[in-house]
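Here is a friendly round of questions about how the labels on a structure are earned. Take a look at the model, then read on.

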Amino acid sequence: MIILGLVFMFQFGISWSCLAINRSKQTDVINASWWVMSNKTRHELERSFDCCGLFNLTTLYQQDYAFCTAICKSQSPTCQMCGEKFLKHSDEALKILGGVGLFFSFTEILGVWLAMRFRNQKDPRANPSAFL
């Protein structure tokens, strides 16, 4: 019962943080991770999401756009920025994860309540004087 209560608190907190993170914090996380990853990983992401560069940050965007290998670059003069696609995808994923986490955290609190309610219940088939 105690462990289930601790799992509830942890899951409840994570679920609310998934639902509460705003767009600017998501942008900060995506921006920080983009500059940490290798060029090979960036090019793979650009190809799989069919986009070029992260956000339009003048010179940095121009450098990313120059080395972009996405299909959209060869088909049209401008490509959609990867940052916008990442934000859309992460926003949807965080909402889904937060909602599912909240649902299961409340079922866990139901389990805690049921455990507290029925933990000292006597078995009618057992010896009635065993609990006295």
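**How the labels are earned**

In this predicted model, the side chain of S15 comes to 3.3 Å from the backbone nitrogen of L102.

Q: What makes the approach of S15 to the backbone nitrogen of L102 a polar contact?
A: The limit for a pair of N or O atoms is 3.5 Å, and the side chain of S15 reaches that nitrogen at 3.3 Å. The pair therefore falls within the cut-off.

Q: Is S15 buried or exposed, and how do you know?
A: Buried means under 20% relative accessible area. S15 has 3%, so it counts as buried. S15 sits in helix α1, residues 2-20, and touches G98, G101 and L102, leaving aside residues up to four places away in sequence.

Q: Why is the meeting of D91 and K95 called a salt bridge?
A: The rule asks for a side-chain nitrogen of Lys or Arg within 4 Å of a carboxyl oxygen of Asp or Glu. Here the N to O distance is 3.7 Å, so the pair qualifies. By this rule the count comes to one salt bridge. Both partners belong to helix α6, four residues apart, or about one turn of the helix.

Q: Which exposure class does each partner, D91 and K95, fall into, and why?
A: Exposed means over 50% relative accessible area, and partly exposed lies between 20% and that value. K95 is at 52%, so K95 counts as exposed. D91 is at 25%, so D91 is partly exposed.

Q: What makes up the largest nonpolar core?
A: Eight residues do: I30, W34, C51, L54, F55, C82, F86 and L87. To belong, such residues must be buried and joined through side-chain atoms within 4.5 Å. Helices α2 (23-36) and α6 (82-118) each give two or more residues to this core, and α6 has the largest share, with three. One core member, W34, touches R42, L45, E46, G53, L54, D64 and F86, not counting residues up to four places away in sequence.

Q: Which residues are included in the second, separate core?
A: That core has six residues, among them C52, C68, A70 and C72.

Q: What makes the phi of D50 worth a look?
A: Phi of D50 is near 55 degrees, a positive value in a residue other than glycine. Most residues other than glycine have a negative phi. D50 lies in the loop between α3 (39-49) and α4 (59-66). At 28% relative accessibility, D50 is above the 20% limit for buried and not over 50%, so it counts as partly exposed.

Q: How many helices and strands does the chain have?
A: There are six helices and zero strands, and the pattern along the sequence reads α-α-α-α-α-α.

Q: What does the model show over the spans that UniProt annotates?
A: The unreviewed entry lists residues 1-20 under "signal peptide"; in the model that span is 95% helix and 0% strand, with end C-alpha atoms 28 Å apart. The unreviewed entry also gives "transmembrane region" for residues 96-116. Residues 96-116 are 100% helix and 0% strand, and their end C-alpha atoms lie 31 Å apart.

Q: How much of the chain counts as buried?
A: Of the 132 residues, 25% count as buried. The accessible surface comes to about 9400 Å², of which 66% belongs to carbon and sulfur atoms.

Conventions. Residues numbered from 1 in each chain as written. Predicted model: local features only at pLDDT ≥ 70, side-chain atom pairs only at ≥ 80, totals over all residues. Heavy atoms only, no water. Buried < 20%, exposed > 50% of the residue type's maximum accessible area, 1.4 Å probe, protein only. Contact = heavy atoms within 4.5 Å. Polar contact = N/O pair within 3.5 Å; in protein donor to acceptor, adjacent residues only side chain to side chain. Areas by Shrake-Rupley, 256 points an atom, 1.4 Å probe, with all protein chains shown as cover. UniProt positions renumbered as here; feature names shortened; annotations may be inferred.
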